[in-house]
Amino acid sequence: MSIYSKELEVAELAVQRASILTKKVFHEKAKGTVSKDDKSPVTIGDFGAQALIIQAIKKNFPNDEVVGEEEASTLRDDHKLRDQIWALVEGTKLADAEAEKVLGGPVESVEAMLDAIDAGNSAGGSRGRIWALDPIDGTKGFLRGGQYAVCLALMVDGDVKVGVLGCPNLPIDDSAPLAADAGVDQTDAEGKGVLFSAVSGQGAVSRPLGTAGLGKGQPIHMKPVNDITQATFCESVEAGHSSHGDQHAIALKLRISKPSVRMDSQAKYGSIARGAGDIYLRLPTSATYQEKIWDHAAGDLIVREAGGQVTDTLGRRLDFSKGRTLAENKGVVAAPIAVHDHVLEAVKEVLSKK
Ligand SMILES: Nc1ncnc2c1ncn2[C@@H]1O[C@H](COP(=O)(O)O)[C@@H](OP(=O)(O)O)[C@H]1O
Ligand SMILES: [Mg+2]
Ligand SMILES: [Mg+2]
Ligand SMILES: [Mg+2]
């Protein structure tokens, strides 16, 4: 057995199971079963997915810590919401009984569910085994029926060793071109749902999300960029999450002619890792915002294992050992290794003129 193969298997199956839950929540919202109030479907999906994933981690690796985005305090008071989430958590299983067994079985009770959610309270840091979990990344995309991702990574002594991204609304086909509307209304179209994963030093792979755990994935690689002017760059849909203006200026400087592809979540990392896009730019919109480790850990490893380089706007590797946030980094610049320096130069030039 290769190193981290058990961790990888558990992470892939846990992300797959949580993705089933998020899809259920989306469909119940569409049917009106869940309140149309923008916040509640997201809340239900976030909490439910976090509970299912942490349950699987704790069953398999009881001593590991988890840095999870959510915590259960509001649920301990709001029993209606709690019971809605419990109904989903209790009812979500993998179709394959063997795979379900690997995860260590269901969450036993409402109380166990709340405890599992709250077990995502690690402070993070540079010592030991710590998982970074974003149960639904790209909340806004999830609500729109666009891109979102279930994100899980294992860090050992502050270094990302395993990364898994479940992207229910991305095409399965690695060679499908990135549509400009990639972030809109993709839900449940034929051929959707991909799982990306990587282990440090072992490369990155993708496979259909519906069959995770059943056989091996296929290796993915970033596309060689021979002519940077023909590169496709990705950015957030939300202008508040990264500076569309700075990113446009950088693209102009690189003489990139194609418009950016905007999509929510770490689906951007997965997309460039398999060569559907080339560059991911996330330029800060504020001097004080600290990026969260769960928004980047899995994607950072997947892109690097696919032949990319990921740094911040100053060229520093993302440092996941500083706690729950990337306290020592500003923004993100991800590109194939061969052109990363060139892209970074343009980033620095644009930022220095501000
Ligand atoms: N001012 C800000 N700058 C950068 N990222 C931000 C931000 N405010 C929120 N975010 C993060 O941006 C993530 C979504 O990124 P993207 O825009 O690429 O889809 C959110 O994750 P969640 O959706 O999990 O809350 C949230 O953590
Ligand atoms: Mg997030
Ligand atoms: Mg989230
Ligand atoms: Mg959030």
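These exercises work through a predicted model of one protein.

Residues are numbered from 1 along each chain as the sequence is written, and chains are lettered from A and ligands numbered from 1 in the order in which they are written. Because the model is predicted, local features need pLDDT of at least 70 and side-chain atom pairs count only at pLDDT 80 or more, while totals for chains, interfaces and linings use all residues.

**Exercise 1. State how many helices and strands the protein has, and judge its compactness from the radius of gyration.**

Step 1. The secondary structure comes to 11 helices and 12 strands. Helices (H or I, at least four residues) and strands (E, at least two) are DSSP runs, numbered from the N terminus.

Step 2. The radius of gyration is 19 Å, close to the 20 Å that the globule rule gives for 354 residues, so the protein is as compact as a globular protein of that length. The radius is taken over C-alpha atoms, and the rule is 2.2 Å times the number of residues to the power 0.38.

Step 3. The C-alpha trace spans about 55 × 45 × 40 Å along its principal axes.

**Exercise 2. Describe the sheet that contains β4, and find its edges.**

Step 1. The strand order is β1-β2-β3-β4-β5-β6-β7, in an open sheet of 7 strands with mixed pairing. Two strands pair if DSSP finds at least two bridges between them.

Step 2. β1 (65-68) and β7 (218-219) each have a single partner strand, so one side of each is left without a neighbour in the sheet.

Step 3. Inside the order, β3 (residues 149-156) and β4 (residues 159-171) pair in the antiparallel sense over 7 bridges. L152 stands opposite V164 in β4.

**Exercise 3. Do the same for the sheet that contains β12.**

Step 1. Here 5 strands form an open sheet in the order β9-β8-β10-β12-β11, again with mixed pairing.

Step 2. The edge strands, β9 (261-262) and β11 (308-311), each pair on one side only.

Step 3. β11 and β12 (residues 332-336) run antiparallel and are joined by 4 bridges. The bridge partner of V310 is A334 in β12.

**Exercise 4. Place helix α10 against the strands, and decide whether its residues are buried or exposed.**

Step 1. α10 (residues 297-305) lies across β2 (129-137), β3, β4, β5 (192-199) and β6 (204-208), at about 95° to β4. Axes are lines fitted to C-alpha atoms, for helices over the stretch in contact, and angles run from 0 to 180 degrees between N-to-C directions.

Step 2. α10 also lies across β11 and β12, running at about 145° to β11.

Step 3. The helix is mostly covered, with 9 of its 9 residues buried. A residue is buried if 20 or more other C-beta atoms lie within 10 Å of its own, exposed if 12 or fewer, and partly exposed in between, with C-beta atoms placed from the backbone. Among the buried residues are D300, R304 and E305.

Step 4. Just after α10, G307 takes a positive phi of about 100°.

**Exercise 5. Describe how the two domains meet.**

Step 1. The protein is divided into domain 1 (5-219) and domain 2 (228-352), with bounds from an automatic or database domain assignment.

Step 2. 41 residues of domain 1 are in contact with 34 residues of domain 2; contact requires C-beta atoms, placed from the backbone, within 7 Å.

Step 3. β4 gives the most to the side of domain 1 that touches domain 2, with 6 residues.
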